[in-house]
Amino acid sequence: MTATIGTDVSHAARLLEQGQVVAIPTETVYGLAADALNEAAVIKVFEAKQRPAFDPLIVHVHSIGQVHEVVRNVPPEAEALMRHFWPGPLTLVLPKLPRIPDLVTSGLDTVGVRMPAHPLTLDLLRMLPFPLAAPSANPFGYVSPTTAQHVMDQLGTRIPYILDGGPCTVGVESTILGMEEGRWVLYRPGGVPLEAIEGVIGTVRPQVRHVLPVAPGMLESHYAPRKPVHIGDIAQLMEAHPVRCGVISFTHDHGAWRNEVLSPRGDLGEAARKLFAALRTLDAGDAEVILAEVFPGEGLGRAINDRLARAAAKR
Ligand code: TXA
Ligand code: MG
């Protein structure tokens, strides 16, 4: 099988109705979508990604109304968050209805739901009589794709169609929030800054490390390129690594062998948008190690630092 890249939403809808897997654009990263209510279709997603079955999928909906087809109970604060941030890069983990197959949630009694902010994918969702389960469209453990070509490069022989919605405008995955003992917990920093969420529902607890990953986006070695990645002060790191270095920095060039400056004007949103493509470029190029700065720990900087830390974690 070789994937076709195109913008034909009806064709994508037909394939999904037949139980096939289609790559879809979202504002965060590309997703690998299947009918969330069809277990046989969802299995194909796990197969294409080579993803372990203990890592649950996010269910994508076209409206707040459709959440009620998926979730047992929507607490008022969750409703407030949806009204503020949807469509957009926020996933809420809520008690699931039995019609969502266990495979989607890895046997958990909760399901992650989000309404993505991409016009093509919203059109697609509105055409379909079911929501779409979709993880990021990368092989398990690798950097997430932010263009249709990224998906083609890695999964092009495993899926029939890639719906091309252009480069992703946010560039890092959604922020994931769940509830534990009646309090909101941040499972994954992402496209909606924590500060903005706390502006709506007050203080959110940082994620606690569990022995078993509750949200395997929490797996330390997620988002890892093949080359070694080190994070810290670039001058010191370059001294410690007297080889060809590829450097990811925020605003300025460090004069390394290869340099990926994410935002000369110092905009964390722009940096987030370019992060995964920069990791891919350095991973594919002739640098021997990848070095990255620590980004400011606010706004989208939190998600950037989180992804870089996971990229650097030893597998
Ligand atoms: O921006 C995004 O969220 C993208 C786009 C495609 O929507 N999707 C994405 O999916 O990043 P994925 O599968 O790469 O990461 C989803 C993470 C899982 O690794 C898991 O940690 C968490 O969401 N998750 C999903 N359902 C959960 C649940 N019921 N409880 C806890 N965590 C859950
Ligand atoms: Mg992922």
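These legends describe close-up views of a predicted model of a protein.

**View 1. The whole chain, 315 residues, as a predicted model.**
The secondary structure comes to eleven helices and 14 strands. The radius of gyration is 19 Å, close to the 20 Å given by the globule rule for 315 residues, so the protein is as compact as a globular protein of that length. Its C-alpha trace spans about 55 × 50 × 35 Å along the principal axes. Of the 315 residues, 58% count as buried. The accessible surface comes to about 12,600 Å². Carbon and sulfur atoms account for 54% of that surface. Take the contacts between residues at least 6 apart in sequence: 68% of them join residues at least 24 apart.

**View 2. The open sheet of ten strands.**
The strand order is β1-β8-β2-β3-β7-β4-β6-β5-β9-β10, and the pairing is mixed. At the edges stand β1 (4-6) and β10 (183-188). Each has a single partner strand, so one side of each is left without a neighbour in the sheet. Within the sheet, β4 pairs with β7 (residues 132-133) in the antiparallel sense, over two bridges. H60 has L132, in β7, as its bridge partner.

**View 3. The largest nonpolar core, seen around L124.**
This core has 68 residues. L124 and L177 have the most contacts inside it. Beyond residues up to four places away in sequence, L124 touches V9, A12, A13, L16, I24, L132 and L163. Of these, L132 also serves as the bridge partner of H60. Another core, of 25 residues, lies apart from the largest one. Its members include V29, V172, F250 and F276. In soluble globular proteins, nonpolar side chains tend to be buried together.

**View 4. R51, a buried arginine in a loop.**
R51 lies between α2 (39-49) and β4 (58-60). Its relative accessible area is 11%, under the 20% limit, so R51 counts as buried. The R51 side chain reaches the backbone oxygen of P56 at 2.9 Å. Leaving aside neighbours within four places in sequence, R51 is in contact with F46, P56, L57, P135 and F140. P56 thus appears both as a contact of R51 and as the residue whose backbone oxygen the side chain reaches.

**View 5. V229 in strand β11.**
Strand β11 covers residues 229-231. V229 is buried, with a relative accessible area of 6%. It touches I290, A311 and A312, not counting residues up to four places away in sequence. P75 is 154 residues from V229 along the chain. The C-alpha atoms of V229 and P75 are separated by 41 Å.

**View 6. The cis peptide bond between W86 and P87.**
Omega is about -10 degrees at this bond. P87 lies in the loop between α4 (76-85) and β5 (90-95).

**View 7. Positive phi at S106 and E181.**
Neither residue is glycine. Phi of S106 is near 55 degrees. S106 lies in the loop between α5 (102-105) and β6 (110-114). At 25% relative accessibility, S106 counts as partly exposed. Phi of E181 is near 50 degrees. E181 lies in the loop between β9 (175-180) and β10. Its relative accessibility is 78%, over the 50% limit, so E181 counts as exposed.

Conventions. Residues numbered from 1 in each chain as written. Chains lettered and ligands numbered in written order. Predicted model: local features only at pLDDT ≥ 70, side-chain atom pairs only at ≥ 80, totals over all residues. Heavy atoms only, no water. Core = buried A, V, L, I, M, F, W, Y, C linked by side-chain atoms within 4.5 Å. Buried < 20%, exposed > 50% of the residue type's maximum accessible area, 1.4 Å probe, protein only. Contact = heavy atoms within 4.5 Å. Helix = DSSP H or I, 4+ residues; strand = E, 2+ residues; numbered from the N terminus. Polar contact = N/O pair within 3.5 Å; in protein donor to acceptor, adjacent residues only side chain to side chain. Rg over C-alpha atoms; globule rule 2.2 N^0.38 Å. Areas by Shrake-Rupley, 256 points an atom, 1.4 Å probe, with all protein chains shown as cover. Pairing = 2+ DSSP bridges.
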